[in-house]
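Reader: Please take me slowly and closely through one part of this protein, and explain each term when you first need it. I would like to see how the part is placed among its neighbours.

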Amino acid sequence: MHPAAVVTAGSLLAGCVPHLLVLSGRLPHDLVAGGRIADGRTGRLVSAASVPVLVAEAGAALWAGRRTERARVVGGLLSAHAALTLVPQLLGTRFERRVAAPIC
């Protein structure tokens with residue numbers, strides 16, 4: 001297993017923590033969504049949708065760590081996704097800039 005795949009999977013799974021805290025009610029929804037979500041119900045729906053996506057991406061990263069040719073494509077797609085999600089996090093709330101952006 002390539003070490004970068006393990007680090008990538010770990011950071012994706014760490015990204016689940018804020019969403020799980022929103023779902024449990026321990027973290028306000030407006031901290032995670034950059035203030036773009038107006039109500040708690042929608043915030044919980046977004047967090048509930050984000051967790052399985054992040055877990056699937058972590059699994060794909062671990063699979064990509066096997067260094068096969070197709071796995072390199074998956075690794076490239078995950079890298080592109082991380083680059084695209086970094087910009088909204090840097091423009092988001094203080095929580096996103098300080099916690100989520102470095103994880104990305």
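Author: With a relative accessible area of 57%, Arg41 counts as exposed, where exposed means over 50%, buried under 20% and partly exposed in between, using a 1.4 Å probe and protein chains only. The model is a predicted one, in which local features need pLDDT of at least 70 and side-chain atom pairs count only at pLDDT 80 or more, while totals for chains, interfaces and linings use all residues. Residues are numbered from 1 along each chain as its sequence is written, and side-chain values use heavy atoms, with hydrogens and water left out.

Arg41 belongs to helix α4, and the C-alpha atom of Arg41 lies 9.7 Å from that of Leu23, although the two residues are 18 apart in sequence. Helix α4 is one of six helices in the protein, which has zero strands; here helices (H or I, at least four residues) and strands (E, at least two) are DSSP runs, numbered from the N terminus. The order of elements from the N terminus is accordingly written α-α-α-α-α-α. Of the 104 residues of the protein, 32% count as buried. If contact is taken to mean heavy atoms within 4.5 Å, then residues 24 or more positions apart make up 57% of the contacts with a separation of 6 or more.

The part to look at closely is helix α1, which covers residues 3–14. At 1.5 Å a residue, its twelve residues should span 16 Å, and its end C-alpha atoms are indeed 16 Å apart, which agrees; the expected span is 1.5 Å times one less than the number of residues. Which residues of α1 are buried? They are Ala5, Ala9 and Leu12, and because they cover an arc of only 60 degrees around the axis, they sit on the same side of α1, the arc being that of the directions from the helix axis to the C-beta atoms. A general rule is useful here: an α-helix has 3.6 residues a turn, so residues three or four places apart point the same way. On the face of α1 turned away from the buried side you will find the exposed residues Pro3 and Val7.

What do the buried residues of α1 pack against? Their partners are α2 (16–24) and α4 (40–64), and it helps to take these two helices in turn.

For the pair α1 and α2, the packing angle is about 20 degrees and the axes are 4 Å apart; axes are lines fitted to C-alpha atoms, for helices over the stretch in contact, and angles run from 0 to 180 degrees between N-to-C directions. The two helices are therefore roughly parallel to each other, since angles under 35 degrees count as roughly parallel, over 145 as roughly antiparallel, 65 to 115 as roughly perpendicular and the rest as oblique. In this pair, Leu12, Leu13 and Ala14 of α1 meet Cys16, Val17 and Pro18 of α2. By class, that contact has six nonpolar, no polar and no charged residues, where Ala, Val, Leu, Ile, Met, Phe, Trp, Tyr, Cys and Pro count as nonpolar, Asp, Glu, Lys and Arg as charged, and the others, Gly among them, as polar.

For the pair α1 and α4, the angle is about 175 degrees and the axes are 8 Å apart, which makes α1 roughly antiparallel to α4. Here Ala5, Val6, Thr8, Ala9, Leu12 and Leu13 of α1 meet Leu54, Val55, Glu57, Ala58, Ala61 and Leu62 of α4, and by class this contact has ten nonpolar, one polar and one charged residues.

The neighbour α2 can be read in a similar way, for its buried residues are Cys16, Pro18, His19 and Val22. Seen down the axis of α2, these fall within an arc of 165 degrees, so they line one face of the helix. Leu20, also in α2, is partly exposed at 46% relative accessible area, and the C-alpha atoms of Leu20 and Arg44, which are 24 residues apart in sequence, are separated by 9.1 Å. Just after α2, Gly25 takes a positive phi of about 85 degrees.

Finally, returning to α4, Ser47 lies in this helix and is buried, with a relative accessible area of 2%. Apart from its neighbours within four places in sequence, Ser47 is in contact with His19, Val22 and Leu23.
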